Amino acid sequence: MLLLNLAVATVLVFITFLIHFIGLVGLSALIRNRHVHHVNISTVAGQGAAILFIVFSLFALHSLEIWVYTFVYRMLGIFPDIGTAVYFSTSAFTTVGFGDVVIGKDWRMLGAAESMNGFLLIGWSTAFLVSITAKVRVLEARIEELEEDSEDRS
């Protein structure tokens with residue numbers, strides 16, 4: 001049973017990492033595409049809107065990844081209903097692990113793998129968000145420099 005746990009976990013880790021990679025590449029492309037900007041990120045409100053968009057997009061990616069595990073739990077018959085499966089998956093993925101819903105002994109390695117997977121993906125999202133926020137701050141500093149230069153010339 002351990003080998004089956006590890007095989008299923010390996011497939012799920014691959015799928016969720018692929019989803020995350022594609023999502024982050026898509027977000028990066030969207031941010032770089034100047035024709036898509038509907039907000040002016042040279043303003044504080046625009047910067048806030050851009051960062052909120054990224055945060056909600058990351059939340060959507062994590063939700064999708066949680067649902068991948070949820071559907072596998074249901075397909076394997078590990079949990080009796082979708083509500084229990086999604087609750088356990090969310091609890092495991094976020095490493096909260098409330099403990100009021102536990103996975104059976106036969107599949108506990110899969111639950112542990114989901115926790116490790118979620119931990120890594122949330123960390124990856126955090127690094128991405130910090131990187132984007134730093135780029136927004138660099139843009140803000142450049143705009144301030146340009147404003148100061150134009151004031152000095154006046």
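Helices and strands are taken here as DSSP runs, with helices needing at least four residues and strands at least two, and they are numbered from the N terminus.

**Entry: overall fold.** I began by reading along the sequence of this predicted model, and I noted that the chain follows the pattern α-α-α-α. My tally of its secondary structure came to four helices and zero strands.

**Entry: confidence.** I then looked up how far the predictor trusts the chain, and I found an average pLDDT of 89, with 89% of the residues scoring at least 70. Going helix by helix, I saw that confidence is highest in helix α3, residues 82-93, at a mean of 98, and lowest in helix α4, residues 108-153, at 85.

**Entry: inside and outside.** I looked up burial next, and of the 154 residues of the chain, 32% count as buried. The accessible surface of the chain comes to about 9700 Å², and I noted that 69% of this belongs to carbon and sulfur atoms. For contacts with a separation of 6 or more, I wrote down that 67% join residues 24 or more positions apart.

**Entry: a nonpolar patch.** On the surface I found a nonpolar patch of about 740 Å², made by V11, F14, I15, L18, F21, I22, V25 and W124. Helix α1, residues 2-32, gives the most to this patch, with seven residues.

**Entry: one residue of the patch.** I picked out V11, which has its place in helix α1, and asked myself whether V11 counts as buried, partly exposed or exposed. V11 counts as partly exposed because its relative accessibility is 48%, and that class lies between the cut-offs of 20% and 50%.

Terms used: Residues are numbered from 1 along each chain as its sequence is written. This is a predicted model: local features need pLDDT of at least 70, side-chain atom pairs count only at pLDDT 80 or more; totals for chains, interfaces and linings use all residues. Side-chain values use heavy atoms; hydrogens and water are left out. pLDDT is the predictor's confidence in each residue, from 0 to 100. Patches are made of residues with over 30% relative accessible area and no salt bridge: like charges are joined within 9 Å, nonpolar side chains (Val, Leu, Ile, Met, Phe, Trp, Tyr) within 5 Å. Accessible areas come from the Shrake-Rupley method with a 1.4 Å probe; for residues, only the protein chains shown count as cover. A salt bridge is a side-chain nitrogen of Lys or Arg within 4 Å of a carboxyl oxygen of Asp or Glu. Buried means under 20% relative accessible area, exposed over 50%, partly exposed in between (1.4 Å probe, protein chains only). Contact means heavy atoms within 4.5 Å.
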